[in-house]
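Colleague: I should be grateful for a close look at one part of this model, together with its surroundings.

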Amino acid sequence: MHLSLLGDRNDPRVRDAVGQVNQARLRVLTSTYRELGLPPDRAASRARVAYAAILGLSQLAQTDPAAPRSDVLADEAVAVFLSP
C-alpha cells in the first residue's frame with residue numbers, strides 16, 4: 001500500500017502520512033542497528049539503505065512475475081542487512 005500512495009505524494013495529506021510512516025520505520029530500523037552495535041551515524045545510514053531495499057523488494061515482488069516469492073526475498077534481505 002505504501003508504494004501505491006507514492007503516486008499521490010503531491011497531496012499534502014498523503015505526503016505527510018507517508019513521511020510519518022517513513023520516519024517511524026526508519027526509527028525502528030535505526031534502533032535495531034544501534035542494538036546490533038553500530039554507531040549512530042552508521043546505524044542511520046544502514047537503516048536508510050535497508051528501508052530502500054525493503055521498498056524495492058516489495059515493488060519487485062508485486063510487479064515482476066519472475067521474482068522469487070516475497071518470503072525468499074525477505075530472507076535474502078535479512079541475510080544481507082543483518083550480517084556483521
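How many helices and how many strands are there in the chain? Please then concentrate on α2, with its packing against α3 and the loop between them.

Modeller: This is a predicted model, in which local features need pLDDT of at least 70 and side-chain atom pairs count only at pLDDT 80 or more, while totals for chains, interfaces and linings use all residues. Residues are numbered from 1 along each chain as its sequence is written, and side-chain values use heavy atoms, with hydrogens and water left out.

The chain has 4 helices and 0 strands (DSSP runs numbered from the N terminus: H or I of at least four residues for helices, E of at least two for strands). Read from the N terminus, the order of elements is α-α-α-α. Of the chain's 84 residues, 21% count as buried (under 20% relative accessible area, with exposed meaning over 50% and partly exposed in between; 1.4 Å probe, protein chains only).

Helix α2 covers residues 12–35, and α3 covers 40–63. Their axes come within 8 Å and cross at roughly 125 degrees (axes are lines fitted to C-alpha atoms, for helices over the stretch in contact, and angles run from 0 to 180 degrees between N-to-C directions). α2 is therefore oblique to α3 (under 35 degrees is roughly parallel, over 145 roughly antiparallel, 65 to 115 roughly perpendicular, and the rest oblique). The crossing of α2 with α3 is right-handed (the near helix is turned clockwise from the far one by less than a right angle; anticlockwise would be left-handed).

Two residues of α2 may be followed across to other positions in the chain. R27 lies in α2 and is exposed, at 54% relative accessible area. From R27 to A47 the separation is 20 residues in sequence, and 8.2 Å in space, C-alpha to C-alpha. T32, also found in α2, is partly exposed, with 32% relative accessibility. T32 and A44 are 12 residues apart in sequence, with a C-alpha to C-alpha distance of 9.9 Å.

The loop between α2 and α3 contains L36, which is exposed at 53% relative accessible area. L36 joins V78 and L82 in a nonpolar surface patch (residues with over 30% relative accessible area and no salt bridge; nonpolar side chains, namely Val, Leu, Ile, Met, Phe, Trp and Tyr, are joined within 5 Å, like charges within 9 Å). Together these three residues have about 270 Å² of accessible area (Shrake-Rupley method, 1.4 Å probe; for residues, only the protein chains shown count as cover).

V78 falls within helix α4, residues 70–81. α3 and α4 pack at about 165 degrees with their axes 10 Å apart, and are therefore roughly antiparallel. Their crossing, too, is right-handed.

Finally, the count of salt bridges is 1 (a side-chain nitrogen of Lys or Arg within 4 Å of a carboxyl oxygen of Asp or Glu). The side chains of D11 and R13 form this bridge, at 2.8 Å from N to O. D11 is partly exposed, at 24% relative accessible area, whereas R13 is exposed, at 66%.
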